[in-house]
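I opened this model to look up how its helices pack on one another and on the sheets. My entries follow in the order in which I checked things.

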Amino acid sequence: SKCKKALKSISTAPAHYSLTLGTGGDSTCYLLSINDDRIASFSRAPHSTEDVNFAVGWALMERAGKGGGDCIAIDCHNCETGDVDYIEPGSPVAFEMLDALDSALGQGGFMGQMRAGWASACPLHISGVASGGIKAACFESLDKKPIFYILLDSNGILNPVRERIVSLVRKLFPKAQMIEIFTSDPHELNAVKGVFNPAGEHDSKLLEQEILALAQKAHDLLSPCEFGMKKERIRIKVLGPYQSTEIISTINAVFSLLKFAIPIILIAAVLAILWLLGKI
């Protein structure tokens with residue numbers, strides 16, 4: 001319902017864009033400016049890229065939106081190493097992301113007229129790809145330097161696989177200004193063995209072929225476009241740190257009561273058995 005509300009109220013205009021790249025420590029920021037709005041994407045590959053705290057994301061959006069217009073911040077979540085190190089407020093990585101954003105904001109970019117193309121597929125036969133499938137978006141201006149955003153509905157992607165895909169797409173489009181992989185981290189494919197199950201872990205060749213075909217299709221469908229951005233707030237309930245603490249406290253309380261209840265139950269059971277034996 002929020003998406004429908006946003007689509008009804010959104011206003012679009014012929015799209016002009018620029019792309020700037022900023023770095024800070026191990027963090028990279030791809031800042032796509034379209035008209036007055038900005039889309040800031042962050043990656044730490046080849047280092048582990050994990051979930052970003054809401055406060056950090058909010059600070060990034062506020063910083064990027066200071067020049068006017070609106071902004072969204074995206075965690076590429078594109079490097080699965082097996083390490084789970086969340087990006088919390090005050091952490092070194094959070095400051096690196098801010099530095100990367102400032103670096104990207106400090107660079108001027110040529111605003112060219114945008115052409116855009118999209119392509120998608122749902123190859124459920126490829127391991128690590130959930131029901132959302134794979135989507136590829138291509139943006140290009142008159143300079144013929146395309147930008148590729150490739151989104152996998154996956155819990156993550158192994159960095160060697162990510163690097164090979166980027167390399168193959170670049171071989172197909174040597175003038176590409178940016179090629180990056182994103183994953184949605186849906187946890188739809190969680191298994192007993194763990195929550196990672198990254199895309200391309202078992203059949204990277206199939207994944208590469210599918211992405212190359214989608215990138216080519218997206219580029220073939222390039223056409224002039226209009227752009228608009230609208231954000232809506234959504235209230236959702238999540239199992240966060242506070243709920244986890246409450247669950248642990250409840251379990252501890254139950255076990256504390258059981259320490260007293262279990263001996264009483266055992267004594268009552270023994271007495272009941274003795275009483276029954278006496279009746280027999």
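I began with α2 and α3, whose crossing is right-handed; a crossing is called right-handed if the near helix is turned clockwise from the far one by less than a right angle, and left-handed if anticlockwise. Helices (H or I, at least four residues) and strands (E, at least two) are DSSP runs, numbered from the N terminus. This is a predicted model, in which local features need pLDDT of at least 70 and side-chain atom pairs count only at pLDDT 80 or more, while totals for chains, interfaces and linings use all residues. Residues are numbered from 1 along each chain as its sequence is written, and side-chain values use heavy atoms, with hydrogens and water left out.

For helix α2 (residues 54-64) and helix α3 (residues 92-105) I noted that the axes come within 10 Å and cross at roughly 15°, which makes α2 roughly parallel to α3. Axes here are lines fitted to C-alpha atoms, for helices over the stretch in contact, and angles run from 0 to 180 degrees between N-to-C directions; angles under 35 degrees count as roughly parallel, over 145 as roughly antiparallel, 65 to 115 as roughly perpendicular and the rest as oblique.

I then listed the contact, meaning heavy atoms within 4.5 Å: V56, L60, R63 and A64 of α2 meet A94, M97, L98, L101, D102 and L105 of α3. These residues divide into eight nonpolar, no polar and two charged, where Ala, Val, Leu, Ile, Met, Phe, Trp, Tyr, Cys and Pro count as nonpolar, Asp, Glu, Lys and Arg as charged, and the others, Gly among them, as polar.

Next I looked for the sheet beneath this pair, and found an open sheet of five strands in the order β5-β4-β3-β2-β6, with mixed pairing; two strands pair if DSSP finds at least two bridges between them. β5 (71-75) and β6 (112-113) are the edge strands, each with a single partner, so one side of each has no neighbour in the sheet. Strand β4 (residues 37-43) runs parallel to β5 and is joined to it by five bridges, with I39 opposite I72 in β5. α2 packs on this sheet, touching β4 and β5, and its direction makes about 140° with that of β5. α3 also packs on the sheet, where it touches β2 (16-24), β3 (27-34) and β4, with its direction at about 140° to that of β2.

I turned to the other helix pair, helix α4 (residues 159-172) and helix α5 (residues 204-220), which pack at an angle of about 35° with their axes 10 Å apart. α4 passes α5 in a right-handed crossing, and the residues of this contact divide into nine nonpolar, two polar and three charged.

Which sheet strands does α4 lie across? I found α4 across β9 (147-152) and β10, running at about 145° to β10, whereas α5 lies across β7, β8 (134-140) and β9, at about 40° to β8. The strands form an open, mixed sheet of five in the order β10-β9-β8-β7-β11. Seven bridges join β7 to β8 in an antiparallel run, with S120 opposite K135 in β8.
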